[in-house]
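Subject: Structure for you to look at

Hello,

Here is the structure I said I would pass on. Please open it beside this email and follow along.

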Amino acid sequence: MAATCPDDPCSFSNPHEAAVTSVHLRLTVDFEARRLRGAAELRVERRAPAAAVLLLDTRGLEVTGVCRLEDGAPLQWKLESEHEHTAYGTPLRVTLPPEDGQPLTVAVEYSTRPESTALAWLEPEQTAGRRRPYVYSHCEAIHCRSMAPLQDTPAVKTPYTAELTVPAELTALMSGLREGREEADGAARCRFRQPVPVPAYLIALAVGDLESRPLGPRCSVWSEPGVVDRAAHEFVDTEKMLEAAEAFCGPYIWGVYDLLVLPPSFPFGGTENPCLTFITPTVIAGDRSLVDVVAHEISHSWTGNLVTNRSWEHFWLNEGFTMFLERKILSRLHGEPARHFSAAGGWKSLRETIRTRGADDPLTCLSPKLADVDPDDAFSTVPYEKGHAFLWYLEQLAGGPTVFDPFLRAYVEKFRLKSIDSADFRKFLEEYFAPTPGLFDKVDWEAWLHTPGMPPVEPQFDSQLAGVCSDLSARWLAWNTDELCPFSADDLTPLTSGQVIELLAQLLEAPPLPVKKLEKMQELYDLDARANSEIRFRWLRLGLAARWERQLQPSLEFVTAQGRMKFVRPIYRDLYAWEEARPKAIATFERNKPNMMHVAIYTVGKDLHLSE
Ligand code: BES
Ligand code: ZN
């Protein structure tokens with residue numbers, strides 16, 4: 001069954017007829033049953049005068065009743081049940097009462113199921129402290145519908161309020177401002193408010209044994225008690241990054257910017273939940289070398305959360321712009337060469353993605369067609385790095401940062417609080433630069449937006465910081481192991497963590513190194529001892545590519561100890577490609593499933609060819 005939303009092929013909702021304009025969630029968090037139970041109260045406005053139906057997105061929700069909140073009058077509703085197997089879920093059809101000129105709030109009583117794809121329920125043993133249960137949500141792109149019945153399309157944005165009832169010994173957080181907490185009878189009622197209109201995918205919650213440390217006037221970091229001090233040390237520069245982002249995009253309108261460090265199973269690097277970025281503990285390296293993820297999520301406060309893609313076909317407007325802004329922050333804090341260095345690394349990962357997906361895969365288009373496609377299947381670095389490369393190219397054509405930075409700011413100003421598509425972007429770009437005719441005449445929009453494979457133009461990056469990495473990697477590749485070893489333990493001493501990562505990334509692009517070279521590298525550089533997750537990830541992959549027995553067990557442990565898909569998926573794919581490792585990989589995956597979030601099980605299952 002095809003989705004019906006005219007703006008969004010992945011949603012059943014009908015906002016052009018009847019639109020949800022504000023949301024109130026009233027939910028009890030039941031750890032025993034692994035359910036959220038309660039109600040979604042939705043203020044509805046008719047967009048078409050005769051609108052008689054409200055369509056909401058749901059996936060696996062148990063709906064028990066629908067009424068008009070104002071008078072308690074029951075409303076007719078119907079939940080189709082035959083489409084459970086699709087990621088799009090099931091439309092909930094509510095028959096609206098006749099228009100009476102009065103406000104209309106539709107209250108849906110429901111509960112989630114334990115299998116909700118948006119929620120990760122953790123037993124105490126699966127947390128750092130091992131004492132209390134934990135639950136967290138992840139809704140992007142279309143999982144909100146398995147947490148609450150809403151118009152789950154980024155074309156619809158609404159403010160929201162929420163009331164979560166949780167066990168009194170736990171702390172509840174959401175992607176909004178904390179409004180209060182009242183305790184009674186062993187339970188705590190926690191209230192939240194997000195006054196800025198947001199798409200459903202930005203509704204987020206986490207409940208667990210949580211503590212916070214202040215980082216600055218607007219920023220705190222939250223995590224389990226055993227992690228919070230290390231986290232506060234790592235993210236000390238958060239406020240500075242926020243200020244750098246404001247210098248490009250204008251004031252931060254969300255009030256609070258907090259970080260929540262999730263348990264290791266969190267499948268992403270970070271997610272941009274408003275007021276409360278979620279972040280993986282794998283960025284805590286001890287030396288603040290991986291905090292780009294924070295710059296990225298901060299950037300979403302403008303690109304993504306303020307200016308939002310209208311559908312997931314225009315996801316690059318969220319992620320490409322955010323990569324661009326992330327690297328602008330980097331440039332401001334660490335200089336333009338740092339921006340080039342990061343951008344060059346991004347281009348390399350784009351190349352890897354296009355190589356693994358295939359240059360003719362339609363999902364490698366910057367703006368792909370998604371009708372009947374699960375956005376989790378479409379997800380890749382393409383919208384990030386092809387999107388970034390496109391903006392980089394446009395910036396060059398426009399005349400560089402002095403011209404393009406003001407454009408970026410004007411773009412945010414123009415589209416703030418709106419949901420837009422690629423055509424809106426193009427139109428505004430051309431209008432903005434209309435005083436300089438011909439600037440973008442040679443831009444091949446069709447190739448950039450709608451053609452699979454690598455972009456039509458390769459950007460030029462300055463190699464000031466990557467130079468040492470290229471020199472050293474070239475020497476390792478050229479070394480004839482029958483001859484004297486020309487390397488020394490000091491080779492890496494002058495390199496930053498970022499440069500070690502780049503070195504390994506370059507070696508990974510080459511044909512597999514012989515085990516003999518890797519053994520020598522280990523002997524001289526002791527890369528096994530590096531705890532930095534980005535280094536470890538690439539070092540293990542070099543070993544797997546070489547079929548180095550010694551790295552097999554550590555790789556299986558690495559994909560078990562944390563669940564970040566950026567790391568877990570490529571390693572599982574590498575293991576799959578190595579025939580001898582394949583059964584062990586599959587057994588490890590099966591054993592570890594209870595510790596993984598839905599989206600990770602779903603995608604790794606496909607990577608291991610266990611499902612279609
Ligand atoms: N919004 C994304 C994460 C996301 C996108 C989750 C689509 C599910 C569906 C987030 O901002 C992100 O891009 N995270 C990256 C961080 C990185 C690029 C610095 C990640 O998780 O790796
Ligand atoms: Zn992002």
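Six donors around a metal count as octahedral if opposite donors are over 155 degrees apart and all others between 65 and 115, and an arrangement that meets no such rule is called irregular. Keep that in mind for the metal site below. Please also note that this is a predicted model.

The zinc site

The zinc ion (ligand 2) is coordinated by His296 (NE2), His300 (NE2) and Glu319 (OE, listed twice), at 1.9 to 2.7 Å. Around this ion, six donor atoms subtend angles of 53 to 160 degrees, so the arrangement is irregular. For six octahedral donors the ideal angles are 90 or 180 degrees. Along the chain, the donors of the zinc ion (ligand 2) are spaced as H-x3-H-x18-E. His300 sits in the loop between helix H3 (292–299) and strand E20 (307–309), while Glu319 belongs to helix H4 (residues 316–334); the pair therefore ties together parts that are 19 residues apart in sequence. His300 and Glu319 are both buried.

Ligand 1

His300 appears again here: one of its polar side-chain atoms lies 2.9 Å from an oxygen atom of ligand 1. Taken alone, ligand 1 exposes 520 Å², and the protein buries 89% of that. Two glutamates approach nitrogen atoms of the ligand through polar side-chain atoms: Glu140 at 2.7 Å and Glu272 at 2.6 Å. In total 15 residues surround ligand 1, and the closest are Glu140, Gly269, Glu272, Glu297 and Tyr384. By type, the shell divides into six nonpolar, five polar and four charged residues. H3 supplies the largest share of this shell, three residues.

Backbone points

Most residues other than glycine have a negative phi, and most peptide bonds are trans. Where does a cis peptide bond occur in this model? It joins Glu140 and Ala141, with omega about 0 degrees. Ala141 is in the loop between strand E9 (134–137) and strand E10 (158–167).

Arg130, which is not a glycine, has a positive phi of about 60 degrees. Arg130 lies in the loop between strand E8 (119–122) and E9, and counts as exposed at 55% relative accessibility. His609 also has a positive phi, near 55 degrees. His609 is in the segment after helix H18 (598–607) and is exposed, with a relative accessible area of 56%.

A buried glutamate

Is Glu80 buried or exposed? Glu80 has a relative accessible area of 16%, and buried means under 20%, so Glu80 is buried. Its side chain makes a polar contact with the side chain of Lys78 (3.4 Å).

Regards

How values were computed. Residues numbered from 1 in each chain as written. Chains lettered and ligands numbered in written order. Predicted model: local features only at pLDDT ≥ 70, side-chain atom pairs only at ≥ 80, totals over all residues. Heavy atoms only, no water. Donors = N, O, S within 2.8 Å, 3.2 Å for Na, K, Ca; no water. Tetrahedral: all angles 85-135°; square planar, octahedral: opposite > 155°, others 65-115°. Helix = DSSP H or I, 4+ residues; strand = E, 2+ residues; numbered from the N terminus. Buried < 20%, exposed > 50% of the residue type's maximum accessible area, 1.4 Å probe, protein only. Near = heavy atom within 4 Å. Polar contact = N/O pair within 3.5 Å; in protein donor to acceptor, adjacent residues only side chain to side chain. Areas by Shrake-Rupley, 256 points an atom, 1.4 Å probe, with all protein chains shown as cover. Nonpolar A, V, L, I, M, F, W, Y, C, P; charged D, E, K, R; others polar.
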